[in-house]
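Here's a quick briefing to read alongside the model. Have the viewer open and click along as you go.

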Amino acid sequence: MELALWGSGDWQDDFNATAETLLARNGQLTSAEIVDVTGPPPGSSNAIGAAMRSFAVAHGLKPIGYGKAPASSRRAGMVAIWGRIFAENK
């Protein structure tokens, strides 16, 4: 992850700020929604997955589902929907 994120400091800061806003607003998010706001990272697109994973770990998020990636360049690939999983009180 560190290698993929190397050199993407400002973009990663924007990614994290956007992710925090979307998570607070919607309670869930996808990396595609974040990149729609921030634009692609400089250098490798691998930074998107690395930044998402880093953000998810820092905020206790897990994949709660999957949906179609909206970008036509992804050829209808799947994208993880990230959110918090709450344990039910029994």
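What pattern does the protein follow, read along the sequence? It goes α-α-β-α-α-β-β, with four helices and three strands in total. Keep in mind that this is a predicted model. Of its 90 residues, 38% count as buried.

**The big picture**

- The protein exposes about 6,000 Å², and carbon and sulfur atoms supply 52% of that area.
- If you take the contacts between residues at least 6 apart in sequence, 49% of them join residues at least 24 apart.

**The sheet**

- The three strands make an open sheet in the order β1-β3-β2, and the pairing is antiparallel.
- On the edges sit β1 (28–29) and β2 (62–68), each of which pairs on one side only.
- β2 and β3 run antiparallel and are joined by six bridges; one residue to click on here is P63, whose bridge partner in β3 is W82.
- β1 and β3 also run antiparallel, with two bridges joining them.

**Q28, on strand β1**

- Q28 lies in strand β1 and stands opposite G83 in β3.
- Is Q28 buried or partly exposed? Q28 counts as partly exposed because its relative accessibility is 36%, and the buried label needs a value under 20%.
- Skipping residues up to four places away in sequence, Q28 touches L22, L23, E33, I64, I81, W82 and G83.
- Q28 and P63 are 35 residues apart along the chain, and their C-alpha atoms are separated by 9.4 Å.

**The nonpolar core**

- The largest nonpolar core has 17 residues, and the ones touching the most other members are W11, F15, L29, I34, M52, F55 and L61.
- Which elements supply at least two residues each to this core? They are α2 (9–26), α3 (31–38), α4 (46–58) and β3 (78–83).
- α4 gives the largest share, at six residues.
- As background, nonpolar side chains in soluble globular proteins tend to be buried together.

**Helix α4**

- α4 has 13 residues and spans 19 Å from its first C-alpha to its last, close to the 18 Å expected at 1.5 Å a residue.
- Its buried residues are A47, I48, A50, A51, M52, F55 and A56.
- What does F55 contact once you leave aside neighbours within four places in sequence? The list is N16, A19, E20, L23, L29 and L61.
- F55 and M52 turn up twice here: they are buried residues of α4, and they are among the core residues that touch the most other members.

**The aromatic pair**

- How many aromatic pairs does the structure hold? There is one.
- W11 and F15 form that pair, and it is tilted, at 5.1 Å centre to centre with 45° between the planes.
- Why call it tilted? The 45° angle falls between the two cut-offs, because planes under 30 degrees apart count as stacked and those over 60 as edge-to-face.
- W11 and F15 are four residues apart in helix α2, so about one helical turn separates them.
- The general rule behind this is that an α-helix has 3.6 residues a turn, so residues three or four places apart point the same way.
- Both W11 and F15 are buried, and both are also among the core residues with the most contacts to other members.

**G60, after α4**

- G60 follows α4 and has a positive phi, near 65°.
- Where does G60 sit? You'll find G60 in the loop between α4 and β2.
- With a relative accessible area of 48%, G60 is partly exposed; an exposed label takes a value over 50%.
- Leaving out neighbours within four places in sequence, G60 is in contact with G83 and R84.
- G60 and I85 are 25 residues apart in sequence, yet 8.6 Å apart in space, C-alpha to C-alpha.
- G83 is worth a second click: G83 is a contact of G60 and also stands opposite Q28.

Technical notes. Residues are numbered from 1 along each chain as its sequence is written. This is a predicted model: local features need pLDDT of at least 70, side-chain atom pairs count only at pLDDT 80 or more; totals for chains, interfaces and linings use all residues. Side-chain values use heavy atoms; hydrogens and water are left out. A nonpolar core is a set of buried Ala, Val, Leu, Ile, Met, Phe, Trp, Tyr and Cys residues joined through side-chain atoms within 4.5 Å. Buried means under 20% relative accessible area, exposed over 50%, partly exposed in between (1.4 Å probe, protein chains only). Contact means heavy atoms within 4.5 Å. The expected span of a helix is 1.5 Å times one less than its number of residues. Rings of Phe, Tyr and Trp (its six-membered ring) pair if their centres lie within 6.5 Å; planes under 30 degrees apart count as stacked, over 60 as edge-to-face and the rest as tilted. Accessible areas come from the Shrake-Rupley method with a 1.4 Å probe; for residues, only the protein chains shown count as cover. Two strands pair if DSSP finds at least two bridges between them.
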